[in-house]
Amino acid sequence: MELSVEFFPPKTPEGENKLHLVRERFSEMLKPAFYSVTFGAGGSTQSGTLKVVSDIHAAGAAVAPHLSCVGSSRDNVREMLKQYQALGIKRIVALRGDLPSGMGQYGEFHHANELVEFIRTETGDWFHIDVAAYPECHPQAKSPATDVDFFVQKMKAGANSAVTQYFYNSDAYFRFVDEAYELGVTQPVIAGIMPITNSTQLLRFSDACGAEIPRWIRLRLQSYGDDTASIRAFGEEVVTDLCDQLLVAGAPGLHFYSLNQADAVLAIADNLSLNK
């Protein structure tokens with residue numbers, strides 16, 4: 001069973017220092033198999049992603065930068081792949097990505113399977129390629145069936161594994177995986193996990209990405225108002241239980257969306273006796 005953690009590139013020196021300390025805590029207490037580093041819409045954090053990836057790699061940890069189709073040309077992606085190969089990076093997260101506000105169209109790649117195929121053509125088996133999965137259906141998909149079909153295309157294009165969008169209903173994850181496996185997918189589908197620490201932030205994220213918050217969780221969070229301690233305690237309990245369900249039923253790994261914070265993830269890992 002594999003554990004991994006996602007970061008986003010900080011925008012300030014204070015954020016960089018904080019991320020360094022957070023990563024040190026994770027490396028000491030959780031020992032993730034790898035860290036992933038996000039890539040902003042339209043390439044807006046490209047240089048920040050490269051810097052964080054370089055720092056993590058220099059510290060001796062495995063790291064996987066995100067690559068997005070949005071706003072990317074073949075030449076641009078080819079150059080980034082060369083930079084990561086020169087650093088010795090061996091893992092990539094290949095995504096379609098979301099169009100930023102005011103941006104009318106994608107670049108030369110329209111779908112993630114095209115990006116996966118290009119990475120394989122350019123670099124062979126150098127990179128372990130992760131792609132995204134949406135257990136509750138991508139918000140822009142025409143139907144659940146077409147969404148699973150697109151996922152299968154990505155996996156057959158050369159992906160090694162997938163990481164899901166976060167969810168709070170384990171049935172959605174297992175149904176999605178079963179459907180994908182029935183269509184020929186054999187690679188592991190790692191469950192994406194979002195700790196609950198801030199209800200307003202979570203509701204905003206979820207509305208934007210199409211992740212469902214079950215009504216009972218939403219109502220409980222709303223009932224706590226500004227009681228941060230109660231929100232965090234409840235969130236820790238809910239997400240710990242979700243992770244336990246996933247692991248008991250055989251999920252191959254957990255990928256924590258940390259939001260550059262360590263406390264909530266480490267508390268959940270400790271509840272599950274995953275800290276090392």
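**A walk around a parallel barrel**

Let's start at one small piece of the sheet: strand E6 (residues 161-164) lies beside strand E7 (residues 189-193), and two bridges hold this pair in the parallel sense. If you look for a particular partnership here, find Val-163, whose bridge partner in E7 is Ile-190. Keep in mind as you explore that this is a predicted model.

Helix H5 (residues 144-156) packs on the sheet here, where it touches E5, E6 and E7. Compare directions and you will find that H5 makes an angle of about 180° with E5.

Now zoom out. How many strands close into the barrel? There are eight, and they follow the order E1-E2-E3-E4-E5-E6-E7-E8 with parallel pairing. On average, neighbouring strands of this sheet are turned by 30° against each other, direction ignored. Helix H4 (residues 112-123) also packs on the sheet, and its contacts are with E3, E4 and E5. The direction of H4 makes about 150° with that of E4.

Strand E4 is a good place to pause. Is this strand, residues 91-95, mostly covered or mostly open? It is mostly covered, with four of its five residues buried. On one pairing, three bridges join E4 to strand E3 (residues 63-68), and the two run parallel. Within that pairing, Leu-67 stands opposite Ala-94 of E4. E4 also pairs with strand E5 (residues 128-133), again over three bridges and in the parallel sense. There, Arg-91 has His-128 of E5 as its bridge partner.

Arg-91 has another interesting neighbour: it lies over the face of Phe-34, 3.8 Å from the ring centre. A similar arrangement can be found at Lys-90, whose charged end sits over the ring of Trp-126 at 3.8 Å from its centre.

Rings meet other rings as well, and the count of aromatic pairs comes to ten. Have a look at Phe-7, Phe-26 and Tyr-35, which ring pairs link into a cluster.

Phe-26 leads us to the last stop, the largest nonpolar core. Which of its 79 residues touch the most other members? They are Phe-26 and Phe-151. Among the helices and strands, it is helix H9 (residues 228-248) that gives the most to this core, contributing seven residues. To see what surrounds Phe-26, set aside its neighbours within four places in sequence; its contacts then include Val-5, Phe-7, Pro-32 and Tyr-35, along with Ser-258, Ala-262, Val-265 and Leu-266.

Technical notes
Residues are numbered from 1 along each chain as its sequence is written. This is a predicted model: local features need pLDDT of at least 70, side-chain atom pairs count only at pLDDT 80 or more; totals for chains, interfaces and linings use all residues. Side-chain values use heavy atoms; hydrogens and water are left out. A nonpolar core is a set of buried Ala, Val, Leu, Ile, Met, Phe, Trp, Tyr and Cys residues joined through side-chain atoms within 4.5 Å. Buried means under 20% relative accessible area, exposed over 50%, partly exposed in between (1.4 Å probe, protein chains only). Contact means heavy atoms within 4.5 Å. Two strands pair if DSSP finds at least two bridges between them. Rings of Phe, Tyr and Trp (its six-membered ring) pair if their centres lie within 6.5 Å; planes under 30 degrees apart count as stacked, over 60 as edge-to-face and the rest as tilted. A charge sits over a ring if NZ of Lys or CZ of Arg is within 6 Å of the ring centre and within 35 degrees of the ring normal. Axes are lines fitted to C-alpha atoms, for helices over the stretch in contact, and angles run from 0 to 180 degrees between N-to-C directions.
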